[in-house]
Amino acid sequence: MRCRVRGGVVGHPAFQCQRCLMAFYCSSECRERHKRTHAVETPCMDVREMRRDCIETGDGEMSKEMVAGIAMAAQLAGKQDFKSQLMLSAHYQNEERWEQALGIYKNIYDDLPYQDPISQRKVIMGLCRCFYEIGNYEASIGLGEGALEMNRHFPGVHKYIALSQKALGQRDEARKSMMRAILYEAPWDDKNKAE
């Protein structure tokens, strides 16, 4: 990262454009000095506004394009925080780059106890799906069953347990898992009805 004013290497990402999070500076003085030029010459988009205004799907999730854009911005900015890495893994998953998504999910798994429940569910769900997609069915089943012990209403996990069981030839177990999905997951949810 280089300072947009002086061109020197920026050692700390705290001095950056607070709107787009993509322009970096070596000091708050450089940031203030460049503010007008940056806004005019390189129109910056407010990341928070982009997130609010993003095209959402019916279940409240961001579109694939929005996930890709936010993940790319985080990657370019060199962000390594939990939320940025979670967004990047979701992007890889959307692109069906299962090994890369799995690697990031595994790296952020240790931070899980310190995250909000929604983030925890996203990581565990992502791990279950990645394990299923790469053919590690036992890992998908094991992790999924562990998640269901914590919360039997865990959205989506039943599906990847059942698919993994089916792939292993355990058809009766797969049927039972899908019956539990119908019983415990929200059957009135349009996404669940479609699947």
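## Ground rules

A helix here is a DSSP run of H or I with at least four residues, a strand is a run of E with at least two, and both are numbered from the N terminus. Gln93, for instance, has its place in helix H4.

This is a predicted model, where local features need pLDDT of at least 70 and side-chain atom pairs count only at pLDDT 80 or more, while totals for chains, interfaces and linings use all residues. Residues are numbered from 1 along each chain as its sequence is written, and side-chain values use heavy atoms, with hydrogens and water left out.

## The overall picture

The protein has 10 helices and 0 strands, so there's no sheet to look for if you go by DSSP runs. Of its 195 residues, 37% count as buried, meaning under 20% relative accessible area (exposed is over 50%, partly exposed in between; 1.4 Å probe, protein chains only).

As for contacts (heavy atoms within 4.5 Å), take those with a separation of 6 or more: residues 24 or more positions apart account for 41% of them.

## Helix H4

H4 has 13 residues, which should span 18 Å at 1.5 Å a residue, and its end C-alpha atoms are indeed 18 Å apart. The expected span is 1.5 Å times one less than the number of residues. Because 10 of the 13 residues are buried, H4 is largely enclosed by the rest of the structure. Among those buried are Phe82, Leu86, Met87, Leu88, His91 and Tyr92. Just after the helix, Glu96 takes a positive phi of about 60 degrees.

Back to Gln93: it's buried, at 13% relative accessible area. Setting aside neighbours within four places in sequence, Gln93 touches Trp98, Ala101, Tyr105, Gly126, Arg129 and Cys130.

## Helix H6

H6 covers residues 117-134, and its 18 residues should span 26 Å, which agrees with the 26 Å between its end C-alpha atoms. Its buried residues include Ser119, Val123, Ile124, Met125, Leu127 and Phe131. What covers the buried residues of H6? The cover includes helices H4 (82-94), H5 (98-108), H7 (137-150) and H8 (157-167). After H6 comes Gly135, with a positive phi near 90 degrees.

## Where H4 meets H6

The two helices pack at an angle of about 35 degrees, with axes 11 Å apart. Axes are lines fitted to C-alpha atoms, for helices over the stretch in contact, and angles run from 0 to 180 degrees between N-to-C directions. On the H4 side the contact is made by Phe82, Lys83, Leu86 and Gln93, and on the H6 side by Ser119, Lys122, Val123, Gly126, Arg129 and Cys130.

By type, the residues of this contact divide into 4 nonpolar, 3 polar and 3 charged. Nonpolar means Ala, Val, Leu, Ile, Met, Phe, Trp, Tyr, Cys and Pro; charged means Asp, Glu, Lys and Arg; the others, Gly among them, are polar.

## The cysteines

How many disulfides does the structure hold? It holds 0, where a disulfide is a pair of cysteine sulfur atoms within 2.5 Å. The sulfur of Cys30 is 3.8 Å from the closest cysteine sulfur, in Cys26, so it is too far for a bond. Cys30 is buried, with a relative accessible area of 1%.

Cys130 is in no disulfide either, as the nearest cysteine sulfur, that of Cys128, is 9.7 Å away. Cys130 counts as buried too, at 0% relative accessibility.
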